[in-house]
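Here's a short tour of one chain, working from the overall fold down to single residues. Keep the viewer open and follow along.

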Amino acid sequence: MHFRLIPAIVLATFLHSCQSFQKTTNDLTTVVNKVPAKLGKKGTLNFFVIGDWGRNGSHHQKEVAEQMNEIGKMIHPNFIISTGDNFYPNGVGSVYDKQWLSSFENIYTGKHLQCKWYAVLGNHDYRGTPQAELDYSKKSLRWTMPDRYYTLTQKIDDSTSVRFIFLDSNPLVIKNHNYYSDMALQDTVQQLKWLDSVLVHAKEKWKIVIAHHPVYSSNPRHGNSARLITLLRPKLEKYGVQLYLSGHDHDLQHQKPAGTVDYVISGAGSQTRRTTEHLTTKFTRDVSGFAAISLTSDSLKLYFIDYTGTPIYSFSKGK
Ligand SMILES: [Zn+2]
């Protein structure tokens with residue numbers, strides 16, 4: 001695993017461009033051309049988060065992919081996280097399913113997207129053969145789904161790391177298993193025990209949990225998940241998780257209920273759905289796009305970028 005480093009000046013330029021471009025509708029091409037991409041400073045981990053995307057390039061999937069690569073030229077993502085519903089409408093049938101090419105390999109072709117993709121399963125993935133998405137990890141250098149739930153750490157600098165915990169939220173929230181392959185076989189008690197055991201031993205300064213289903217969402221299609229508020233929220237708060245990333249709702253959201261956890265939805269990798277606001281909503285927009293996150297030892301910065309390459313929102317939190 002390699003760690004690319006990005007300079008403060010690049011981030012500063014990026015942040016500056018964020019602020020400027022909120023007032024205009026230009027894309028970032030001119031800014032990209034001005035960025036001295038080879039300048040480097042140790043101590044920053046950058047990654048993209050995208051969800052709900054696999055539609056053979058349609059519904060702006062291809063445009064989002066192109067803009068991920070454009071932003072990638074500036075911030076050099078170390079890896080990419082996929083929040084699930086990777087293939088519509090019915091997942092993939094095998095590691096030879098044609099959607100591996102038409103919705104993944106032939107779409108995310110940019111040079112800066114050839115890093116590891118850490119993925120979780122969504123409900124649409126369960127309509128196919130979920131095991132095929134695990135098995136494809138053995139065929140692909142970048143697709144990475146070692147299990148239905150798993151954890152890994154990444155170094156930010158010599159003394160700081162971040163722990164990522166990838167969950168399978170599907171069996172936690174879906175009660176009617178009829179349409180969902182082997183979901184009934186998944187042991188949710190075991191998964192929640194595992195989550196506790198990982199969190200209780202996690203000594204990393206930053207902790208980020210990823211799953212397909214949102215805990216909090218203001219999209220009227222699904223809304224808040226009473227089940228995940230009961231099952232997950234107390235654990236996230238108790239163990240000091242700073243950020244919960246999900247997809248499922250087809251938009252870009254930042255929800256901040258009381259407590260220490262920020263809830264982000266990046267589920268706009270292709271098609272979108274009309275969204276609304278709740279009292280907990282800091283930002284919501286039903287536009288195709290993705291999130292770019294930059295972590296240092298003492299700060300987390302998140303940007304939402306739409307399919308035209310325009311940064312439409314950013315927030316930061318300290319540690
Ligand atoms: Zn979903």
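A quick term before we start: a helix here is a DSSP run of H or I with at least four residues, and helices are numbered from the N terminus. Also keep in mind that this is a predicted model.

## The overall picture

The chain has 319 residues, and 48% of them are buried. DSSP gives nine helices and 14 strands. If you take the contacts with a sequence separation of 6 or more, 73% of them link residues 24 or more positions apart.

## The seven-stranded sheet

Let's start with an open sheet of seven strands, ordered β4-β3-β2-β1-β12-β13-β14, with mixed pairing. Its edges are β4 (143–144) and β14 (311–318), each of which pairs on one side only. Helix α3 packs on this sheet, touching β1, β12 and β13, and its direction makes about 20 degrees with that of β12.

As for how the strands connect, β1 (residues 45–50) pairs with β12 in the antiparallel sense, over five bridges. Two of the residue pairs are easy to pick out: asparagine 46 has serine 294 of β12 as its bridge partner, and phenylalanine 48 has alanine 292. β12 also pairs with β13 (residues 299–306), again antiparallel, over seven bridges. There, serine 294 stands opposite lysine 301. A hairpin through three residues joins β12 to β13.

## Strand β12, covered on both faces

How many of the residues of strand β12 are buried? Seven of the seven in 289–295 are, so the strand is largely enclosed by the rest of the structure. In a regular strand, side chains alternate between the two faces of the sheet. For β12, one side holds Gly289, Ala291, Ile293 and Leu295, the other holds Phe290, Ala292 and Ser294, and both faces are covered.

## The nonpolar core

The largest nonpolar core has 74 residues, and Ile210 and Ala291 touch the most other members. Helix α3 (residues 61–75) supplies the largest share of this core, with six residues. Isoleucine 210 is worth clicking on. Ignoring neighbours within four places in sequence, its contacts are Ile81, Thr83, Val120, Phe164, Phe166, Leu167 and Leu245.

## Helix α3

Does the length of α3 work out as a helix should? At 1.5 Å a residue, its 15 residues should span 21 Å, and the end C-alpha atoms are 21 Å apart, which agrees. The buried residues of α3 are Gln61, Val64, Ala65, Gln67, Met68, Ile71, Gly72, Met74 and Ile75. Looking down the helix axis, you'll find these within an arc of 165 degrees, so they line one face of α3.

Just after α3 comes histidine 76, which has a positive phi, near 45 degrees.

## Helix α5

Helix α5 (residues 130–139) has Pro130, Glu133 and Tyr136 as buried residues. They cover an arc of only 105 degrees around the axis, which puts them on the same side of α5. That buried set packs against α4 (99–105), β3 (116–119) and β4. The face turned away from the buried side carries exposed Lys138 and Lys139.

## Two residues to compare

Arginine 55 sits in the loop between β1 and α3. Is it buried or exposed? With 21 other C-beta atoms within 10 Å, arginine 55 counts as buried, since the cut-off for that is 20 or more. Skipping neighbours within four places in sequence, arginine 55 is in contact with Gln61, Tyr88, Ser103, Ser270 and Gln271. One of those partners, tyrosine 88, is 33 residues away along the chain, with 5.8 Å between the two C-alpha atoms.

Now try alanine 226, which lies in helix α8 (residues 226–231). It has 10 other C-beta atoms within 10 Å and is exposed, because that label applies at 12 or fewer. The C-alpha atom of alanine 226 is 9.2 Å from that of valine 173, which is 53 residues away along the chain.

Methods. Residues numbered from 1 in each chain as written. Predicted model: local features only at pLDDT ≥ 70, side-chain atom pairs only at ≥ 80, totals over all residues. Pairing = 2+ DSSP bridges. Core = buried A, V, L, I, M, F, W, Y, C linked by C-beta atoms within 7 Å. Contact = placed C-beta atoms within 7 Å. Expected span 1.5 Å × (residues − 1). Arc of directions from axis to C-beta. Axes fitted to C-alpha atoms, helices over the stretch in contact; angles between N-to-C directions.
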